[in-house]
Amino acid sequence: MGVVMMLVLSVSLLGSVEAAENAPATKQAQRVSAPKGVKYGKGIGSGKTVKISELFARMDAYEGKLVRVEGLVVAVCPKRGCWLRIGSDKQFQELQFKVQDGQIVFPMSAQGKYVVAEGIMRKVRLSLEQTISYLKEEAEERGELFDESKVKEPLVFPKLEGIGAVIRENK
Amino acid sequence: MKINSISWQRVNNALHRDLGYLCCALIILYAISGVAVNHVADWNPNYSTQAEQVSVGVLEGLDLDAIESHIVSSLGLDPRQVKGRHLPSPGKFVLFLPEGGEVRVAVKTGLGTWMRVKRRSLLFESNVLHLNHLKGVWTYIADIFSLALIVLAVTGLFILKGPKGITGRGKWLAGAGTLLPLGFIVYYYLVRG
């Protein structure tokens with residue numbers, strides 16, 4: 001009996017892994033108004049669509065508000081899958097989309113795909129010391145050299161507290 | 001009603017045996033995943049990455065399409081593999097490849113890094129299950145598995161009778177196993193504050 005049950009368990013195990021990749025997309029496709037793709041977290045709700053450059057330009061106006069953004073996934077948290085960076089409509093801008101550890105886990109394969117993401121906008125204000133530490137960590141993650149003497153001003157930037165997202169291959 | 005101790009012993013042992021068979025694969029899977037994610041600060045438990053230093057020649061003066069084509073031909077990539085590109089900062093160009101791979105180069109020098117990313121077979125799937133990334137039905141399967149582990153632990157205490165059972169040396173070993181986590185909790189939350 002044990003062997004049979006183990007086989008049943010193994011089949012359900014493999015089926016579940018497969019389902020993780022496919023099932024959310026199928027569900028999402030059934031909704032007419034929702035964007036197509038693989039759903040993460042609560043997916044996309046009623047957030048107002050805002051350009052990422054607009055969030056950077058008017059941080060105070062959007063702080064604490066539910067917003068929806070779209071763009072290319074330019075980086076994924078490599079270890080826990082707990083954040084994404086979304087490329088802006090403006091050059092040299094990236095928006096961090098942070099989710100609660102374990103609640104949503106983005107795979108590394110999301111990098112280079114297109115994301116529609118929704119969350120609460122937070123204005124992050126770092127001290128100079130925090131800015132150096134933040135940029136240093138980023139440079140290390142990317143295997144780049146970092147010169148802290150070049151950092152003269154503390155960073156202030158928008159960040160989304162992620163609620164849900166839909167990721168697909170292309171725009 | 002008089003309880004027959006022999007039949008209870010049989011039920012206990014049979015339950016322990018069959019649940020053991022049933023849970024064996026998942027216990028091993030979860031244990032391996034547990035070690036893997038326990039050391040997440042030191043390594044990536046889901047993906048292995050391989051970084052290669054590359055030189056694709058000077059890209060300055062080229063437009064974005066030309067830079068992309070140049071990198072693709074220099075590294076012998078299949079153009080269909082390119083998923084997108086990005087300019088993270090002035091003078092930096094990133095080309096995205098499948099599975100989280102990327103080529104990141106400095107436009108001025110053409111020097112950069114080609115990052116290849118590969119899923120850790122079996123470990124990735126184990127972590128998906130252990131950390132319940134699947135949600136949905138798996139949440140309930142994992143709940144049932146947890147209950148089964150409790151039953152396994154409790155029935156395990158009563159498998160043997162006599163000096164090697166729970167009334168003999170078993171109580172000392174079970175006590176030691178309880179004191180270990182308890183000791184850590186007391187030390188970290190009460191002694192250290």
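## End of helix α5 in chain B

B:Gly193 comes after α5(B) and has a positive phi, near 85°. The model is predicted.

The helix itself spans residues 169-191 of chain B. It bends by about 25° at B:Leu179. The proline B:Pro181 follows shortly after that kink. How many of the 23 residues of α5(B) are buried? The number is zero, so the helix lies largely in the open.

## Domains of chain B

The domain assignment splits chain B in two. Domain 1 is made of two segments, 5-43 and 122-159. Domain 2 covers 47-119. Taken over C-alpha atoms, the centres of these domains of chain B are 44 Å apart.

## The loop at B:Gln81

B:Gln81 sits between α2 (64-75) and β2 (84-86) of chain B, in the connecting loop. Is B:Gln81 buried or partly exposed? It has 14 other C-beta atoms within 10 Å, so it counts as partly exposed. Buried would take 20 or more, and exposed 12 or fewer.

Neighbours within four places in sequence aside, B:Gln81 contacts B:Leu97 and B:Pro98. B:Phe96 is 15 residues from B:Gln81 in sequence. The C-alpha to C-alpha distance of that pair is 8.4 Å.

## Chain A

Chain A holds four helices and seven strands. Read from the N terminus, their order is α-β-β-α-α-β-β-β-β-α-β.

Of the 171 residues in chain A, 33% are buried. Among chain A contacts with a separation of 6 or more, 65% join residues 24 or more positions apart.

Notes
Residues are numbered from 1 along each chain as its sequence is written. Chains are lettered from A and ligands numbered from 1 in the order in which they are written. This is a predicted model: local features need pLDDT of at least 70, side-chain atom pairs count only at pLDDT 80 or more; totals for chains, interfaces and linings use all residues. Domain bounds come from an automatic or database domain assignment. The bend at a residue is the angle between axes fitted to the seven residues ending there and the seven starting there. Helices (H or I, at least four residues) and strands (E, at least two) are DSSP runs, numbered from the N terminus. Two residues are in contact if their C-beta atoms, placed from the backbone, lie within 7 Å.
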